[in-house]
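This briefing introduces a protein structure to a reader who has not met it before. Please keep the sequence and the structure in view while reading.

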Amino acid sequence: MDKRFEGYAVLLTGATDGIGKATAKRFAMEGANVCITGRREEVGKKALAEIIEAAGRDDCAIYVTADIKNMEDTQKALDAVLEKWGHLDVLVNCGAKQVGGTILEMNPEDYDEVLGTNVKGFGLACRVCIPELYKSSYPSIINVASVNGNMGVAARTLYGASKAAVILMSKAMAQDFAPIRINSISPGFTGSEAMLTNMSRITGISPEECAHLTAAGTALRRMATPDEQASVIAFLASKDASYITGENIVVDGGALCVGRYDVALESDPRVLAAKAKSKRN
């Protein structure tokens with residue numbers, strides 16, 4: 001694989017699973033040194049081992065236990081990067097918290113958790129890292145939003161709002177902090193274990209059936225792989241994207257051009273029954 005990130009130091013927040021882990025692997029395989037963060041140490045160390053194995057370099061990656069909502073935790077991760085490699089070139093914010101339901105079903109703590117992770121956490125990570133990124137020759141920030149931030153989706157109000165905020169926050173920061181290039185991507189449904197498990201929890205049907213129903217709402221008739229999302233993130237961090245900033249790249253297999261990718265899932269009788277039961281309670 002091309003070593004286009006040879007010598008780069010990359011910090012990926014919330015990157016112990018799914019798109020984040022795949023992206024860390026991609027950077028490491030292309031020559032970068034990477035630091036991943038997450039809240040669960042056991043999961044983080046397992047992801048770290050996978051990244052090192054994929055890259056074939058024992059010293060290419062580190063893991064730091066950190067909650068993105070806590071600025072001190074992100075500072076701890078940045079300090080670990082600087083101690084290990086002396087500089088920072090790329091920040092990728094991957095952490096996400098999703099709570100399904102309508103506004104009537106949202107509790108005050110849901111706002112704190114979802115917006116705290118998806119908006120506040122991203123913003124604080126940028127605040128911590130931007131002074132160091134200014135020192136890099138090829139600085140870049142990529143914030144992972146969601147296709148849900150580009151359209152209204154039933155019973156995903158709070159999550160969609162948080163991801164829309166990520167998109168607009170990235171566009172504003174691109175103007176405020178040039179020459180650091182700051183972009184976002186909006187993944188469609190991606191077949192990571194974490195996403196499918198969460199979809200199953202929200203809808204009450206199996207992960208396999210969730211995948212089948214959501215794939216029906218895309219032009220390509222399938223879910224993305226985490227590696228496909230990682231390739232777009234890596235492109236945005238590369239010199240090939242040297243004149244791209246303030247953009248939101250939708251990576252959804254044509255879901256938005258189909259129109260309502262959620263229709264098959266949301267109209268499933270089992271999901272409707274679960275919604276009706278929730279309203280009665």
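The points below cover the sheet, the helices that pack on it, a helix pair and two backbone features.

The model is a predicted one. It contains an open sheet of seven strands with parallel pairing. Helices α2 and α5 are both described here in relation to strands, α2 lying across β2 and β3 and α5 packing on the sheet.

**The sheet**

- The strand order in the sheet is β3-β2-β1-β4-β5-β6-β7.
- The edges are formed by β3 (61-65) and β7 (248-251); each has a single partner strand, so one side of each is left without a neighbour in the sheet.
- On average, neighbouring strands are turned by 15° against each other, direction ignored.
- Strand β1 (residues 9-13) and strand β4 (residues 90-93) run parallel and are joined by four bridges.
- Residue T13 stands opposite N93 in β4.

**Helices against strands**

- Helix α2 lies across β2 (33-38) and β3, and its direction is at about 170° to β3.
- Helix α5 (residues 157-176) touches β5 (140-144), β6 (181-187) and β7.
- The direction of α5 makes about 160° with that of β6.

**The pair α1 and α2**

- The axes of helix α1 (residues 18-29) and helix α2 (residues 41-55) come within 8 Å and cross at roughly 30°.
- Because angles under 35 degrees count as roughly parallel, α1 is roughly parallel to α2.
- The crossing of these two helices, α1 and α2, is right-handed.
- On the α1 side the contact involves K21, A24, K25, A28 and M29, which meet A47, E50, I51, A54 and A55 in α2.
- The residues of this contact between α1 and α2 divide into seven nonpolar, three charged and no polar.

**Backbone features in two loops**

- Most residues other than glycine have a negative phi, and most peptide bonds are trans.
- A178 and P179 are joined by a cis peptide bond, with omega at about 15°.
- The loop between α5 and β6 holds P179.
- R221 is not a glycine, yet R221 has a positive phi of about 60°.
- The place of R221 is the loop between α7 (207-215) and α8 (226-237).
- Is R221 buried or exposed? With a relative accessibility of 54%, R221 counts as exposed, because the cut-off for exposed is over 50%.

Conventions:
Residues numbered from 1 in each chain as written. Predicted model: local features only at pLDDT ≥ 70, side-chain atom pairs only at ≥ 80, totals over all residues. Heavy atoms only, no water. Axes fitted to C-alpha atoms, helices over the stretch in contact; angles between N-to-C directions. Parallel < 35°, antiparallel > 145°, perpendicular 65-115°, else oblique. Left-handed = near helix turned anticlockwise from the far one by under 90°. Contact = heavy atoms within 4.5 Å. Nonpolar A, V, L, I, M, F, W, Y, C, P; charged D, E, K, R; others polar. Pairing = 2+ DSSP bridges. Buried < 20%, exposed > 50% of the residue type's maximum accessible area, 1.4 Å probe, protein only.
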